[in-house]
Amino acid sequence: MSREPIDYADVVIVGAGLSGVGAACQLRTACPSKSVTVLEAREAVGGTWDLFRYPGIRSDSDMFTLGYRFRPWTDPKAIADGPAILRYIHDTAHQFDVHRLIRLHHRVVSASWDSRECRWTVQVHRSDTDQHVSLSCAFLYVCSGYYRYDQGFSPSFPGVEQFAGPVIHPQHWPRDLDYTGKRVVVIGSGATAVTLVPSLAKSASHVTMLQRSPSYVAARPAHDPVADWLRARLPQKLAYTLVRWKNALLGIAFFNLSRRRPELVKSMLRNATVKQLPADYAIDTHFAPSYNPWDQRMCLVPDGDLFAAIRDGRASIVTDQIDTFTPTGIRLRSGAHLDADIVVSATGLNMLAIGGIRLQVDGHDVDLAQSVSYKGMMLSGVPNFAWTVGYTNASWTLKADLVAEYVCRLLQHMDRYHYASVTPDATGTTAANPFLDLTSGYVRRSLAGLPKQGERAPWRLHQNYVKDVRLLRRGRLDDGVIFTPASSVWSNADTARRG
Ligand SMILES: Cc1cc2nc3c(=O)[nH]c(=O)nc-3n(C[C@H](O)[C@H](O)[C@H](O)COP(=O)(O)OP(=O)(O)OC[C@H]3O[C@@H](n4cnc5c(N)ncnc54)[C@H](O)[C@@H]3O)c2cc1C
């Protein structure tokens with residue numbers, strides 16, 4: 001019997017979204033001798049930017065930081081729509097010739113590490129043939145995003161079965177939904193709700209955003225004038241690098257100011273909102289959250305489109321709670337009734353760590369909740385494993401790119417010193433802090449199942465690009481924490497034998 005399961009790759013990447021495609025491009029460039037396979041559960045490349053098809057789908061961060069460091073974003077718009085981002089991912093995959101490494105319809109179900117072989121065995125379900133297949137690899141690199149693809153989060157609404165119209169979750173937007181001239185209620189106050197409302201309001205008869213509590217909403221120009229100026233004068237790559245750094249640093253400065261002087265930032269945001277809305281508008285009812293700025297992700301609206309829809313009377317905000325659905329809409333706790341033909345439940349996502357993959361090390365299940373996150377991208381006690389989780393307070397890709405750079409450096413380092421495995425060792429580390437420092441509902445609902453973080457680097461997640469550049473791009477690889485058992489330091493002969 002063959003010792004190798006069906007197939008082998010030096011690196012298996014799980015997920016062909018923004019992160020997985022970026023990781024494959026970086027590996028092909030920095031580690032061209034490594035064989036790489038990308039396993040993607042869905043029938044398409046693009047992850048989030050292929051899945052979400054609701055009207056107006058767009059980024060809420062600028063594309064100079066949501067784009068890859070290694071491939072400039074050249075479209076005129078800084079806040080881009082979903083199809084443009086999807087095109088960018090596809091074009092990048094083709095430019096770096098990684099599309100042929102991607103196997104669609106391959107959902108990774110479990111992965112088990114064998115310390116004697118220094119190999120992962122990865123179990124996969126193929127949705128196209130309904131077969132179970134296995135692969136082996138030396139390094140497992142999970143780029144599975146952070147939420148469940150099969151089901152968005154939807155609370156159980158009282159009386160919803162009485163409602164005569166459709167109730168839709170933005171994660172499963174029906175292609176043929178006609179909302180022209182209809183009364184639409186969007187439940188929610190997050191990024192998806194503030195994106196949907198102005199977009200639906202272009203052809204609906206009226207759109208009401210029904211929120212239990214307000215979020216911070218800030219207008220931002222869809223075009224970045226500094227970027228336009230630099231792009232007109234400098235070589236493309238240089239202009240992109242400068243704008244990327246500008247936006248990353250401004251983001252950090254604003255986040256730090258929010259944490260240090262929340263009252264100041266609250267009043268800055270309030271003043272900006274006052275300028276956008278009519279004089280008698282109830283700003284403090286609809287735009288003054290009970291939490292501080294950046295305790296939850298902030299909502300950005302390009303060119304203030306949400307405010308414009310409210311000003312024009314095409315959209316409105318109601319801050320109240322649902323008493324019950326009725327056949328014709330929603331009755332609120334205040335006693336008011338919202339008439340609706342269509343209800344959209346923009347109530348969020350179900351978080352899912354490492355794509356729901358069951359991990360085992362030498363026959364023992366890995367309990368994520370008991371593990372400690374190393375540099376925000378590896379797990380204590382889990383060999384040859386990396387996991388991409390982007391920033392919660394900045395563009396996801398800033399971190400995803402750094403993780404990919406680090407994995408490339410680590411693989412080069414392992415080759416140089418003939419290390420067959422590397423494992424972060426958290427012995428002696430106190431790790432009582434939650435993995436994510438946000439109070440949003442979707443984060444609170446999932447924290448118990450996520451790894452912990454420690455007090456200081458490398459066990460501390462910074463959520464700060466500059467600190468992570470130091471730690472991941474420039475930091476020492478042999479830091480006394482990441483260890484290699486003597487049995488997995490191979491001689492040249494071993495290495496040659498194993499290929
Ligand atoms: C509507 C929306 C808007 C967003 N806007 C922004 C924004 O403006 N800025 C920002 O920074 N972030 C934003 N985000 C977060 C966003 O998810 C990231 O920006 C980015 O797209 C994440 O890329 P990813 O490749 O890591 O994950 P995803 O895009 O989620 O892709 C993960 C891929 O992995 C696959 N996968 C998962 N599990 C498995 C498995 N077990 N086996 C095989 N394949 C698997 C999935 O099918 C998917 O294709 C947004 C998220 C949503 C939902």
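A polar contact is a pair of N or O atoms within 3.5 Å. With that cut-off in hand, the surroundings of the ligand in this predicted model can be read step by step.

## Around the ligand

In the side chain of tyrosine 149, an N or O atom lies 2.6 Å from an oxygen atom of the ligand, which falls under the cut-off just given and therefore counts as a polar contact. Two further pairs, one through a backbone atom and one through a side chain, are set beside it in the table.

| Residue | Part of the residue | Distance to an oxygen atom of the ligand |
|---|---|---|
| Leucine 18 | polar backbone atom | 3.1 Å |
| Threonine 48 | polar side-chain atom | 2.8 Å |
| Tyrosine 149 | N or O atom in the side chain | 2.6 Å |

Altogether 34 residues are found around the ligand, and those that come nearest are Ser19, Glu40, Asp60, Ser61 and Tyr149. Tyr149 also belongs to an aromatic cluster, whose other members are Phe52, Tyr54, Tyr146, Tyr147 and Trp396.

## Strand E6 and its partners

Strand E6 spans residues 131–142, and with 10 of its 12 residues buried it is mostly covered. Strands of a sheet pair through backbone hydrogen bonds, either parallel or antiparallel, and E6 takes part in pairings of both kinds. Strand E1, residues 7–14, runs parallel to E6 and is joined to it by 7 bridges; within this pairing, aspartate 7 has leucine 135 of E6 as its bridge partner. Strand E5, residues 119–126, is likewise joined to E6 by 7 bridges, but here the two strands run antiparallel, and threonine 121 has serine 136 of E6 as its bridge partner. The hairpin of E5 and E6 has 4 residues between the strands, and in this hairpin aspartate 130 takes a positive phi near 60°. A further pairing, in the parallel sense and over 3 bridges, links E6 with strand E21, residues 385–387, where alanine 386 stands opposite tyrosine 141.

## A three-stranded open sheet

Elsewhere in the chain, an open sheet of 3 strands with antiparallel pairing follows the order E13-E14-E15. Strand E13 (322–326) and strand E15 (337–339) each have a single partner strand, so they stand at the edges, and one side of each is left without a neighbour in the sheet. Direction ignored, neighbouring strands of this sheet are turned by 20° against each other on average. Strand E14, residues 329–332, is joined to E15 by 3 bridges, and isoleucine 330 has leucine 338 in E15 as its bridge partner.

## Aromatic pairs

A pair of aromatic rings is described by the distance of the centres and the angle of the planes. The count of aromatic pairs in this model comes to 21. In one of them, phenylalanine 157 and phenylalanine 325 have ring centres 5.5 Å apart and planes at 40°, so the pair is tilted. Phenylalanine 157 lies in the loop between strand E6 and strand E7 (167–168), whereas phenylalanine 325 lies in strand E13, so the pair ties together parts that are 168 residues apart in sequence. Phenylalanine 157 is buried at a relative accessible area of 12%, and phenylalanine 325, at 0% relative accessibility, counts as buried too. The rings of tyrosine 281 and phenylalanine 287 also make a tilted pair, because their centres are 6.2 Å apart and their planes are at 45°; both of these residues are buried.

## Buried helices and a buried strand end

Helix H11 covers residues 396–416, and its 21 residues reach 31 Å from the first C-alpha to the last, close to the 30 Å expected at 1.5 Å a residue. Because 17 of the 21 residues of H11 are buried, the helix is largely enclosed by the rest of the structure. Histidine 418, which follows H11, has a positive phi near 55°.

Helix H5, residues 191–200, has 8 of its 10 residues buried, so H5 is also largely enclosed by the rest of the structure; the buried residues include Ala193, Val194, Leu196, Pro198 and Leu200.

Leucine 39 lies in strand E2, residues 36–39, and is buried at a relative accessible area of 0%. The C-alpha atom of leucine 39 is separated by 6.4 Å from that of leucine 104, although the two residues are 65 residues apart along the chain.

Key: Residues numbered from 1 in each chain as written. Predicted model: local features only at pLDDT ≥ 70, side-chain atom pairs only at ≥ 80, totals over all residues. Heavy atoms only, no water. Pairing = 2+ DSSP bridges. Axes fitted to C-alpha atoms, helices over the stretch in contact; angles between N-to-C directions. Expected span 1.5 Å × (residues − 1). Buried < 20%, exposed > 50% of the residue type's maximum accessible area, 1.4 Å probe, protein only. Phe/Tyr/Trp six-rings, centres within 6.5 Å; stacked < 30°, edge-to-face > 60°. Near = heavy atom within 4 Å. Polar contact = N/O pair within 3.5 Å; in protein donor to acceptor, adjacent residues only side chain to side chain.
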